[in-house]
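Here's a walk through the model, from an odd backbone angle to the packing and the aromatic rings. Have the structure open while you read.

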Amino acid sequence: SSRRRHTRYIGDWSSDVCSSDLVPTSGVSAVALNVTVTQTEDPTIGGGYVTVYPCGTRPDASNLNFVGGQTIPNSVIAPVSASGEVCFYVYGTAHLIPDVSGYFPTGSGFSALSPARVLDTRGGAKVGNAAGTGAPFVLQVLGKGGVPASGVGAVALNVTVTQTENPTIGGGYVTVFPCGTRPDASNLNFVGGQTIPNSVIA
């Protein structure tokens with residue numbers, strides 16, 4: 001991997017990822033990043049977050065959530081702009097440390113999209129229960145957020161949990177899977193009161 005920048009910022013900041021030694025200067029549709037925030041400070045209202053996007057219009061989505069005093073990373077697959085840049089919006093204040101670990105060539109099997117929110121359960125009941133016996137939440141992803149209605153083998157998601165509550169035993173977790181038989185695996189782990197994201201290919 002290659003470290004792109006270490007900077008303290010609030011608001012929008014752009015990085016020319018295609019100037020990295022690991023990424024070609026052209027023919028790139030998206031980059032794989034590990035984005036870390038550190039020395040974070042809370043915004044005036046609510047918790048802080050980072051949105052990584054291909055510059056231009058900022059989407060209503062987050063890739064990384066934080067509270068003051070945290071150092072926390074997340075894996076992000078970010079589309080790049082026509083000029084080879086990605087933009088980082090920070091709500092709150094933090095140092096940004098993005099590391100690039102790979103890229104997707106233009107025309108490859110991966111289709112890069114600007115982030116789009118396809119689900120927010122905060123307006124209704126929470127998902128799951130304390131006993132761990134809750135039914136899986138089914139989300140139709142085809143035809144949403146720029147994903148085609150057919151011909152899709154998998155999707156890249158950023159999954160965030162918030163307003164979490166502990167189960168009766170142990171810590172909580174989320175498993176993202178293609179419905180049917182649920183695998184014995186987790187994509188995201190949490191304790192009560194956390195807001196935490198993770199990148200998932202499902």
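Cys179 sits in the loop between strand 9 (172-174) and strand 10 (188-190). Its phi is near 55°, a positive value in a residue other than glycine. Cys179 is partly exposed, with a relative accessible area of 41%. Gln39 also has a positive phi without being glycine, near 50°, but that residue lies in a strand, namely strand 3 (residues 28-41).

Keep in mind that this is a predicted model. The mean pLDDT of the protein chain is 86, and 89% of its residues reach 70 or more. Where is the mean pLDDT of an element lowest, and where highest? Strand 1 (residues 2-3) is at the bottom with 44, while strand 4 (residues 48-53) is at the top with 94. Over residues 1-6 pLDDT stays under 50, although the model does give that stretch 27 contacts beyond four places in sequence. Where pLDDT is low, the predicted coordinates should not be read in detail.

As for the overall make-up, the protein chain has 11 strands and zero helices. Of its 202 residues, 36% count as buried. Among contacts with a separation of 6 or more, 75% come from residues 24 or more positions apart. The chain exposes about 11100 Å², with carbon and sulfur atoms supplying 51% of that area.

Now to the inside. In soluble globular proteins, nonpolar side chains tend to be buried together. Here the largest nonpolar core holds 30 residues, and Val31, Leu33, Val50 and Val52 touch the most other members. Several strands each supply at least two residues of this core, including strand 3, strand 4, strand 8 (156-161) and strand 11 (196-201). Strand 7 gives the most, with six residues.

Val52 is a good one to click on. Which residues does Val52 contact once its neighbours within four places in sequence are left aside? They are Leu33, Val35, Asn63, Val76, Ala78, Val86, Cys87, Phe88 and Pro115.

On to the rings: a search of the whole structure finds three aromatic pairs. A pair of aromatic rings is described by the distance of the centres and the angle of the planes. Two of these pairs look like this:

| Pair | Centre to centre | Angle between planes | Geometry |
|---|---|---|---|
| Tyr49 and Tyr91 | 5.3 Å | 35° | tilted |
| Phe104 and Phe110 | 4.3 Å | 25° | stacked |

Why does the tyrosine pair tie together parts that are 42 residues apart in sequence? Tyr49 lies in strand 4 and Tyr91 in strand 7, so the pair links those two parts. Tyr49 counts as partly exposed at 23% relative accessibility, and Tyr91 is partly exposed too, with a relative accessible area of 26%.

The phenylalanines in the table are likewise partly exposed: Phe104 has a relative accessible area of 24%, and Phe110 has a relative accessibility of 23%. Buried means under 20%, so Phe104 at 24% and Phe110 at 23% do not count as buried.

Back at the tyrosines, Tyr49 and Tyr91 belong to one aromatic cluster that also includes Tyr89. What lies over the face of Tyr89? That is Arg58, at 3.6 Å from the ring centre.

Technical notes:
Residues numbered from 1 in each chain as written. Predicted model: local features only at pLDDT ≥ 70, side-chain atom pairs only at ≥ 80, totals over all residues. Heavy atoms only, no water. pLDDT = per-residue confidence, 0-100. Helix = DSSP H or I, 4+ residues; strand = E, 2+ residues; numbered from the N terminus. Contact = heavy atoms within 4.5 Å. Buried < 20%, exposed > 50% of the residue type's maximum accessible area, 1.4 Å probe, protein only. Areas by Shrake-Rupley, 256 points an atom, 1.4 Å probe, with all protein chains shown as cover. Core = buried A, V, L, I, M, F, W, Y, C linked by side-chain atoms within 4.5 Å. Phe/Tyr/Trp six-rings, centres within 6.5 Å; stacked < 30°, edge-to-face > 60°. Lys NZ or Arg CZ within 6 Å of the ring centre and 35° of its normal.
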